[in-house]
Structure formats: structure tokens, C-alpha cells
Amino acid sequence: MNGSAEALSALFAAAQAARERAYAPYSRFRVGAAVLDEAGAVHAGCNVENAAYPVGTCAEAGAIATMIANGGKRITAILVLGDGPALVTPCGACRQRIREFADPTTDIHVAGPEGVRRSFTLEALLPASFGPDNLA
Ligand code: THU
């Protein structure tokens with residue numbers, strides 16, 4: 001189902017639902033993310049901020065933690081959804097988090113409330129990256 005329109009709409013719906021539940025009282029910038037795992041399951045997360053600002057977590061980190069907790073092993077696609085005129089591309093730390101479980105060709109879809117705005121590969125957002133193989 002990776003790459004299919006069905007998968008993409010499942011990712012979009014899951015990210016949208018998670019975004020509704022985002023805890024973002026400080027930035028007021030709600031983000032939802034959803035990952036598709038190797039078995040076709042979708043796992044979602046939202047940003048969870050904290051009064052101690054640096055402790056807050058991104059939506060992508062939540063979605064990945066949920067995937068791992070539910071037994072998913074690999075990210076075969078990810079969608080990030082946020083509001084505003086600019087693209088909500090994953091932050092640097094989240095690109096590295098995605099890198100741990102994805103391939104260079106894995107799609108990272110960036111969406112607004114109206115739908116997908118742009119799609120990147122992981123390699124495009126994190127070239128010449130360091131990953132598990134670099135430790136071998
Ligand atoms: N944020 C995410 O959750 N994911 C992104 O890809 C970009 C930024 C969150 C972090 C913080 O809670 C808020 O958006 C503003 O930066």
C-alpha cells in the first residue's frame with residue numbers, strides 16, 4: 001500500500017486527527033504526523049509542548065514512538081500536517097529520527113489542512129546522512 005492513494009489518504013486522516021489533539025499552548029502551532037509501517041499499519045502522533053520549552057516533542061517523534069510501541073519496524077512513508085502558509089517540513093532532529101527507520105527513497109509528504117503540498121524523499125531532506133550502517 002506504500003505510495004498508493006489509499007495509503008496517502010489514511011496517513012492524511014490519521015495526521016489530521018492527531019493534530020486536533022496536539023498540545024501546543026505555547027507556540028499555538030499544532031502539528032500532526034502519521035507513519036506507514038512495513039505491514040501497512042498507520043501510527044500517528046502530535047506535538048506535545050512543555051512549560052520547560054526545550055522538553056516539548058514534535059509530532060514526528062510521537063508517531064515514531066507509537067509505531068515502535070505497536071511493533072512496527074520500518075517507516076515506508078510519513079506525512080506531516082501543519083497549518084500556515086509555509087511548508088511544515090520536519091525539523092533537523094526529526095529528519096534524523098525518520099532516518100533510523102526509513103530508506104533514502106522513503107517519501108516524506110508535507111501537508112496543510114487542504115491536502116499534501118509537497119513530497120520529498122528522505123535523501124532530499126537529509127543527504128549523506130549518518131545511520132545504523134555507519135556504526136558497522
Ligand atoms: N513541530 C512539529 O511537531 N513538527 C515539525 O515538523 C515542525 C515543528 C512543532 C514543535 C513545536 O511544538 C511547534 O511545532 C512549533 O515549532
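## Ligand shell

The shell around the ligand comprises seven nonpolar, three polar and two charged residues, where Ala, Val, Leu, Ile, Met, Phe, Trp, Tyr, Cys and Pro count as nonpolar, Asp, Glu, Lys and Arg as charged, and the others, Gly among them, as polar. This is a predicted model, in which local features need pLDDT of at least 70 and side-chain atom pairs count only at pLDDT 80 or more, whereas totals for chains, interfaces and linings use all residues. Residues are numbered from 1 along each chain as its sequence is written, and side-chain values use heavy atoms, with hydrogens and water left out.

The residues around the ligand, those with a heavy atom within 4 Å of it, are Ser27, Phe29, Val31, Asn47, Glu49, Cys58, Ala59, Glu60, Val88, Thr89, Pro90 and Cys91. Glutamate 49 places a polar side-chain atom 2.5 Å from an oxygen atom of the ligand, and glutamate 60 likewise has a polar side-chain atom 2.5 Å from a ligand oxygen atom. From threonine 89, a backbone N or O atom lies 3.4 Å from an oxygen atom of the ligand. Of the 370 Å² of accessible area that the ligand has on its own, the protein covers 76%, by the Shrake-Rupley method with a 1.4 Å probe.

## Helix H1

Helices (H or I, at least four residues) and strands (E, at least two) are DSSP runs, numbered from the N terminus. The end C-alpha atoms of helix H1 (residues 5-20) are 23 Å apart, which agrees with the 22 Å that its 16 residues should span at 1.5 Å a residue, the expected span being 1.5 Å times one less than the number of residues.

Buried residues of H1 are Ala7, Leu11, Phe12, Ala14, Ala15, Ala18 and Arg19, buried meaning under 20% relative accessible area, exposed over 50%, and partly exposed in between (1.4 Å probe, protein chains only). Their cover includes strands S1 (31-37), S2 (42-46), S3 (75-82), S4 (107-112) and S5 (115-121).

## Histidine 109

Histidine 109, in strand S4, counts as buried at 8% relative accessibility. Its side chain joins that of serine 119 in a polar contact of 2.7 Å, a pair of N or O atoms within 3.5 Å of which, within protein, one must be able to donate a hydrogen and the other to accept it, residues adjacent in sequence counting only if both atoms are side-chain atoms. Not counting residues up to four places away in sequence, histidine 109 touches Leu8, Ile78, Leu79, Val80, Val116, Arg118 and Ser119, contact meaning heavy atoms within 4.5 Å.
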